[in-house]
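Student: I am new to this structure and would be grateful for a close look at a single part of it. Please begin with one helix and then set that helix in its surroundings.

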Amino acid sequence: MKTHICGIQQVGVGTDHLHRDWKWYRDVFGMDIRIFEDAAEAPLMTRYTGGKVHKRNAALAMNIQGGGGFEIWQYESRTPLKAAFDLELGDIGMVAVKMKTPNAAKALGKFKQQGVHIITALSRNSASQNHFVVTDNNGNWFDIVESANWFKIDGRPTGGAYGAIIGVSNMDKSLAFYRDMLGFDTVLSDTTGIHTDLNGIPGSNRTMRRVILAQSSQDTGPFTPLLGENQIELLQWTGGSGRKIFEGRYWGDQGFIHLCFDVVGMSALKEKGQKLNYPFTVDSADSFDMGKAAGRFSYVEDPDSTLIEFVETHRLPIVEKWGWYINLKKRKPGKPLPNWLLNCFKFNKIKA
């Protein structure tokens with residue numbers, strides 16, 4: 001069976017207060033579609049949780065305009081830790097999440113009205129896209145990037161996750177991983193220097209190699225029309241060695257904990273990873289129950305141990321309050337769900 005990597009399904013956001021932060025993401029980013037919310041233990045992740053099984057509460061939220069979701073994740077059995085240092089560009093790991101917007105100038109104006117902390121001016125990135133950077137109420141960085149790729153437009157300033165900015169220690173090794181394993185084979189820009197469009201972010205005065213990647217063709221899965229196109233931006237500090245953002249901490253601690261891709265054909269992807277020397281470090285192997293949803297999930301590490309998750313969805317609520325679920329295990333691979341059905345996720349909107 002052919003492997004399909006069908007877009008960014010979600011980014012994991014570790015928090016110490018799930019519902020407080022989810023409200024912020026609803027109010028500012030429109031992440032108000034609840035796909036699931038589930039409290040349980042995480043027995044398969046002990047490799048990244050100190051060898052112990054921990055309890056957690058997690059919610060998957062989407063934006064009906066399109067883009068990837070947020071898996072907002074909170075420990076219930078321990079206090080989630082912050083990084084022991086203030087993050088700077090050049091540090092290693094996922095430093096920012098890219099969010100898509102149909103109009104960067106209008107989004108900036110809206111965020112100013114809402115009192116959102118804006119840390120860069122509206123400008124063009126090295127791929128000539130309008131963008132600016134904000135922080136959430138926990139200080140996490142979000143790069144708001146203009147995009148023409150949408151499931152629908154309903155007037156809100158942003159859609160969902162568009163990609164990630166990832167700090168790396170060796171650009172060539174990282175480029176090979178994101179190209180060969182994940183299919184980001186198109187270089188939109190590759191520049192080295194001080195990037196003035198990032199002025200205002202700690203570390204922006206450093207000389208860095210910056211590569212923005214896209215996919216020349218995107219695999220098709222059931223949710224591809226909703227998830228849309230993606231970007232990966234890699235940053236390497238050329239004048240020093242950055243700190244690992246999650247050094248000494250657990251997966252699930254505060255910050256961006258993983259980047260997750262929607263997958264069809266997980267077994268074939270596992271074989272591909274083994275051949276490329278990017279083995280799965282976690283694999284649920286069979287369908288893993290997540291309350292109202294179920295699927296197979298796995299993890300790999302990029303060359304700097306940044307966690308990449310893959311999820312092959314088996315069961316999902318379309319409209320939970322109506323008891324309407326869809327079983328995708330019998331669906332033909334590579335065939336998207338119809339737009340009218342994907343649009344029904346809007347009935348899971350949280351209004352409060």
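Tutor: In helix α1 the buried residues are L18, D21, W22, W24, Y25, R26, V28 and F29. The model is a predicted one, and the values given here are computed from it. Helix α1 covers residues 18-29, twelve residues in total. From its first C-alpha to its last it reaches 15 Å, close to the 16 Å expected at 1.5 Å a residue. As background to the list of buried positions, an α-helix has 3.6 residues a turn, so residues three or four places apart point the same way. Just after α1 comes G30, with a positive phi of about 70°.

The helix leads on to the interior. In soluble globular proteins, nonpolar side chains tend to be buried together. The largest nonpolar core here has 55 residues. Those that touch the most other members are F29, F70, F142, Y178, L182, L259 and F310. The largest share of this core, six residues, comes from α1. F29 is thus a point where the two descriptions meet: it is listed among the buried residues of α1, and it is also one of the core residues with the most contacts to other members.

L182 offers a second view of the same core. Leaving aside residues up to four places away in sequence, L182 touches I5, F177, Q215, F261, I308 and F310. Of these partners, F310 is itself listed with L182 among the core members that touch the most others. Apart from this core lies another, of 21 residues, including F36, I64, I318 and L342.

The cysteines may be considered next. A search of the whole structure finds zero disulfides. For C6, the closest cysteine sulfur is that of C260, 11 Å away; this is too far for a bond, because a disulfide requires sulfur atoms within 2.5 Å. C260 is likewise in no disulfide, its nearest cysteine sulfur being that of C6. Both residues are buried: C6 has a relative accessible area of 0%, and C260 has a relative accessible area of 0%.

Finally, two serines in loops deserve attention for their backbone angles. S128 is not a glycine, yet has a positive phi of about 65°. S128 is found in the loop between β7 (123-124) and β8 (130-135), and is partly exposed, with a relative accessible area of 48%. S305, also a residue other than glycine, has a positive phi near 75°. S305 lies in the loop between β17 (293-301) and β18 (307-319), and is partly exposed at 37% relative accessible area.

Notes. Residues are numbered from 1 along each chain as its sequence is written. This is a predicted model: local features need pLDDT of at least 70, side-chain atom pairs count only at pLDDT 80 or more; totals for chains, interfaces and linings use all residues. Side-chain values use heavy atoms; hydrogens and water are left out. Helices (H or I, at least four residues) and strands (E, at least two) are DSSP runs, numbered from the N terminus. Buried means under 20% relative accessible area, exposed over 50%, partly exposed in between (1.4 Å probe, protein chains only). The expected span of a helix is 1.5 Å times one less than its number of residues. A nonpolar core is a set of buried Ala, Val, Leu, Ile, Met, Phe, Trp, Tyr and Cys residues joined through side-chain atoms within 4.5 Å. Contact means heavy atoms within 4.5 Å.
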